Amino acid sequence: GEFLAIEFKIYNNWGEVIYTTTDVNSFGWDGKHKDVDQPIGVYVYTAIVTTADGLVVEISGDISLIR
């Protein structure tokens, strides 16, 4: 379905937010922070999504950065 809003964040191993977007049409993270390639590894993400029905869903998990 359609998302009305999203707040998506990716954290590094130190819990620092290294990527955030509120753009529902975003193509996602390019693997960089402040234009610097981040180390290959596992990163935690959180997303707070508001659906077209007005439902707010919080999602979290991990992603692997590979090159």
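The following conversation goes through several assignments in a predicted model and the grounds on which each one rests.

Colleague: Why are K9 and E7 called a salt bridge?

Modeller: The side chains of K9 and E7 come to 3.2 Å, nitrogen to oxygen, and because the limit for a lysine nitrogen and a glutamate carboxyl oxygen is 4 Å, the pair qualifies. By this rule the structure holds three salt bridges.

Colleague: What makes K9 and E7 partly exposed?

Modeller: K9 has a relative accessible area of 24% and E7 one of 33%; the class of partly exposed lies between the limits of 20% and 50%, so both residues belong there. K9 also has a place in the sheet, where it stands opposite T46 in β5.

Colleague: How do you know that K32, D37 and R67 are linked in a network?

Modeller: D37 takes part in two of the contacts: its side chain meets that of K32 at 2.9 Å, N to O, and that of R67 at 3.7 Å, N to O. Both distances are within 4 Å, so each contact counts as a salt bridge, and K32, D37 and R67 are accordingly described as linked in a network.

Colleague: Why is the pair of D37 and R67 said to tie together parts that are apart in sequence?

Modeller: D37 belongs to strand β4, residues 36-37, whereas R67 lies in the segment after β6, which spans 56-65, so the salt bridge joins parts that are 30 residues apart in sequence.

Colleague: Which of K32, D37 and R67 are partly exposed, and which are exposed?

Modeller: K32, at a relative accessible area of 30%, and D37, at 44%, are partly exposed, since both values fall between 20% and 50%. R67, at 56%, is over 50% and is therefore called exposed.

Colleague: Why is Q38 called buried?

Modeller: Q38 has a relative accessibility of 11%, and because buried means under 20%, the residue falls in that class. Q38 lies in the loop between β4 and β5, and its contacts, leaving aside residues up to four places away in sequence, include K32 and R67 as well as W29 and Y43.

Colleague: What makes the approach of the Q38 side chain to the backbone oxygen of V36 a polar contact?

Modeller: The side chain of Q38 reaches that oxygen of V36 at 3.0 Å, and the cut-off for a polar contact is 3.5 Å, so the distance satisfies it.

Colleague: Why is the aromatic pair of W29 and Y43 called edge-to-face?

Modeller: A search of the whole structure finds three aromatic pairs. In the one formed by W29 and Y43, the centres are 5.2 Å apart and the planes stand at 70 degrees; the centres are therefore within the 6.5 Å limit, and the angle is over 60 degrees, so the pair counts as edge-to-face. This pair links distant parts of the chain, with W29 in the loop between β2 and β3 and Y43 in strand β5, 14 residues apart. Both W29 and Y43 are buried. Elsewhere, F8, Y19 and Y45 form one aromatic cluster.

Colleague: What makes β2 and β6 the edge strands of the sheet?

Modeller: The open sheet has four strands in the order β2-β1-β5-β6, with antiparallel pairing, and β2 and β6 are its edges, each pairing on one side only. The twist from one strand to the next averages 15 degrees.

Colleague: How do you know that β1 and β5 pair?

Modeller: Eight bridges join β1, residues 3-11, to β5, and the two run antiparallel; since at least two bridges are needed for a pair, the requirement is met.

Colleague: What is the phi of K34 and of D35, and are these residues buried or exposed?

Modeller: K34 has a phi near 55 degrees, a positive value in a residue other than glycine, and D35 has a positive phi of about 65 degrees although it is not a glycine either. K34 is found in the loop between β3 and β4, and D35 is placed in the loop between β3 and β4 as well. With relative accessible areas of 68% for K34 and 72% for D35, both values are over 50%, and the two residues are therefore called exposed.

Terms used: Residues numbered from 1 in each chain as written. Predicted model: local features only at pLDDT ≥ 70, side-chain atom pairs only at ≥ 80, totals over all residues. Heavy atoms only, no water. Buried < 20%, exposed > 50% of the residue type's maximum accessible area, 1.4 Å probe, protein only. Phe/Tyr/Trp six-rings, centres within 6.5 Å; stacked < 30°, edge-to-face > 60°. Polar contact = N/O pair within 3.5 Å; in protein donor to acceptor, adjacent residues only side chain to side chain. Contact = heavy atoms within 4.5 Å. Axes fitted to C-alpha atoms, helices over the stretch in contact; angles between N-to-C directions.
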